[in-house]
Amino acid sequence: MASATTTGGTTGRRTLGTVLFYVFLVTFVLVSVFPLLWIFKMSIVTKSELFASPPTILPQTTSTAEYAQIFSDSAFQQALVNSTIISTVTTVICLFFGSLTAYAIARMRFRFKSPVMTLILSISFFPAVAIIAPLFIQFSQVGLINTYASVIITDTVFALPLTIWLLVAFFRELPVDLEDAAKVDGATTIQAFRKVIVPLAAPGVFTTAILTFIHAWNEFLFANTFLLDQSTQPVTVVIPNFATVYTVDYGAQAAAAVVVTVPLVIMVLIFQRRIVSGLTAGAVKG
Amino acid sequence: MVLPSLLIIVIIAFFPILYGIVLSLTDSTIAGFGSFVGFENYTEMFQNPDFREGFYNTVIFTVVSVAMEFIIGLGIALAINRAFRGRGLVRAAVLVPWAFPTVIAAVMWRLMFQSQVGIIQYLAGAMGIISDPILSNRSLLLIASILVDVWKTTPFVALLLLAGLQVIPGEVYEAARVDGANVMQRFFRITLPLLKGAILVAVLFRTLDSYRVYDLFWVMSNRELASLSTFVYEGVRISQLQFGEGNAASVFIFVTAFLIALFFIRVLGMRTSAEEE
């Protein structure tokens with residue numbers, strides 16, 4: 001137990017402590033979710049209520065006009081499609097390379113293992129902005145500007161350390177005996193990996209996939225650098241620009257923000273246990 | 001099996017850094033490679049008031065937001081490190097801000113700080129704290145950005161520290177209690193030292209993340225507020241004239257970020273996972 005637990009005392013003090021504890025929790029939860037609730041409220045009220053002063057706490061009117069507007073906006077539709085493509089492809093590539101690498105690090109002995117791991121992890125501390133100019137020049141030379149490939153490549157590189165880190169942690173928890181048994185039965189390392197490790201590691205791989213997907217979905221710098229045309233821009237680039245397109249249309253901006261975050265929030269609510277175990281996998285040992 | 005990942009990382013991340021260093025020593029433009037000019041770009045960069053403003057903003061933002069995230073995160077971690085009803089709900093609520101794309105969080109908060117429809121601007125005005133439009137004052141924008149960052153990442157810090165707290169065995173506290181250690185003594189003599197590893201990981205992660213702040217400033221301030229990263233972006237992507245200075249600034253960010261990481265690992269004694277092998 002933490003040092004924060006109350007030591008002895010009367011029942012009265014303990015009840016007060018419990019009440020304070022729950023007051024603290026409720027405040028904390030409210031502060032965390034307030035912006036989403038408030039923006040949701042802004043997105044469903046009519047224009048006159050939106051601009052009312054003093055503002056209403058609970059919505060007095062409802063209107064779906066803002067949602068109708070953004071969903072009929074072809075730029076927004078395209079951005080949702082682009083974000084989905086970029087994040088999905090990045091996740092698949094990261095899982096492919098990441099699981100091979102993580103399996104080798106978790107199971108095999110090879111020289112320079114420690115420097116290799118350090119090199120891979122150093123990417124997560126790497127200031128991405130430091131390479132946008134050289135990459136922009138190189139991508140221009142090979143015609144990658146304005147293509148999904150440009151951000152899929154860069155997102156993959158910056159998501160890989162996370163993917164590898166998580167998968168190493170998950171693979172290490174799997175029993176080695178099973179693979180040894182498979183190898184005694186004549187399976188190669190690759191076969192042992194495919195037939196034994198992959199099915200067993202599925203929950204861990206799934207968690208890794210969620211976190212990698214969120215990482216790619218939220219990426220902004222590379223997309224804002226390499227994608228100059230709306231035909232390939234993801235939502236993270238398009239929505240902030242709404243502030244310029246719908247200058248005073250705050251309701252539409254709010255609706256767009258809600259549409260983009262709701263899938264993430266649902267994902268987090270369903271998989272919160274797994275996500276927490278994934279996020280803290282490395283930190284405890286560190 | 002390790003090779004493909006390693007190759008892609010070296011080609012896409014490390015090779016460009018070297019190329020960036022070369023570019024920063026030349027008068028190249030986005031269109032063509034130039035000739036060697038020594039450290040001219042660096043001298044110009046250090047004299048540029050925009051660079052200095054970006055640097056100060058970045059340092060203030062990093063120090064203040066990481067300090068607040070650490071103190072509040074530690075408080076939350078200590079408070080919820082026990083069994084209680086509704087634990088899942090709290091954990092889910094913690095993850096909500098973390099899962100938001102930074103730019104979308106910035107769009108949402110911008111709407112709340114906004115002077116016509118913003119609830120925060122209204123409340124600040126009604127209570128007589130701030131009457132100026134928050135979004136048109138750079139100092140207020142910096143404070144607002146720090147608050148948004150604290151809102152967004154404190155839960156993450158709390159989760160990392162909570163994971164660290166949960167591996168401290170309860171017997172240690174029991175023994176200390178038997179020996180008559182009070183709450184403060186237990187906190188400073190047991191909790192903090194045993195939590196050092198998790199604290200260093202969380203603080204280093206957050207420091208380097210805040211140090212490269214870009215999207216939050218970009219969207220919160222509608223491109224008004226400068227950071228080191230926005231200076232680089234302006235230089236290499238928007239203003240054609242400052243390509244050299246932009247490259248010099250990107251090398252500056254890389255080197256200083258590296259030094260920060262080195263400081264944590266060497267001076268503060270942070271253990272990296274690689275050393276466990």
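Domain bounds here come from an automatic or database domain assignment. I keep in mind throughout that this is a predicted model.

**Entry 1: the domains of chain A**

I looked up how chain A is divided, and the assignment gives domain 1 as 11–63 and domain 2 as 66–279. How far apart do the C-alpha centres of the two domains of chain A lie? I found 32 Å between the centre of domain 1 and that of domain 2.

Next I checked where these domains touch. In chain A, seven residues of domain 1 are in contact with nine residues of domain 2. On the domain 1 side, helix 1 (11–44) and helix 2 (47–50) of chain A each contribute at least two residues. Helix 1 of chain A has the largest share of that side, with five residues. I also sorted the domain 1 side of this contact by class, and noted five nonpolar residues, one polar and one charged.

**Entry 2: helix 5 against helix 7 in chain B**

I moved on to helix packing. Two packed helices are described by the angle between their axes and the distance between the axes. For helix 5 (residues 102–113) and helix 7 (residues 138–166) of chain B, I noted axes that come within 11 Å and cross at roughly 125°. Because of that angle, helix 5 of chain B counts as oblique to helix 7 of chain B. The crossing of these two chain B helices is right-handed.

Which residues meet here? From helix 5 of chain B I listed Thr102(B), Ala105(B), Ala106(B), Trp109(B) and Phe113(B). Their partners in helix 7 of chain B are Ala144(B), Val148(B) and Lys152(B). By class, the contact of helix 5 with helix 7 in chain B holds six nonpolar residues, one polar and one charged.

**Entry 3: helix 3 against helix 7 in chain B**

I then turned to helix 3 (residues 49–80) of chain B, whose axis comes within 6 Å of that of helix 7 of chain B and crosses it at roughly 40°. That angle is why helix 3 of chain B is also described as oblique to helix 7 of chain B. Helix 3 of chain B passes helix 7 of chain B in a right-handed crossing. I counted up the classes for this chain B contact between helix 3 and helix 7: 18 nonpolar, six polar and two charged residues.

**Entry 4: chain A meets chain B**

How many residues of chain A are in contact with chain B? I found 86, and they touch 89 residues of chain B. Helix 12 (residues 250–279) of chain A gives the most to the chain A side, with 14 residues. I closed with the classes on that chain A side, which are 65 nonpolar, 19 polar and two charged.

Methods:
Residues are numbered from 1 along each chain as its sequence is written. Chains are lettered from A and ligands numbered from 1 in the order in which they are written. This is a predicted model: local features need pLDDT of at least 70, side-chain atom pairs count only at pLDDT 80 or more; totals for chains, interfaces and linings use all residues. Two residues are in contact if their C-beta atoms, placed from the backbone, lie within 7 Å. Helices (H or I, at least four residues) and strands (E, at least two) are DSSP runs, numbered from the N terminus. Ala, Val, Leu, Ile, Met, Phe, Trp, Tyr, Cys and Pro count as nonpolar, Asp, Glu, Lys and Arg as charged, and the others, Gly among them, as polar. Axes are lines fitted to C-alpha atoms, for helices over the stretch in contact, and angles run from 0 to 180 degrees between N-to-C directions. Angles under 35 degrees count as roughly parallel, over 145 as roughly antiparallel, 65 to 115 as roughly perpendicular and the rest as oblique. A crossing is left-handed if the near helix is turned anticlockwise from the far one by less than a right angle, and right-handed if clockwise.
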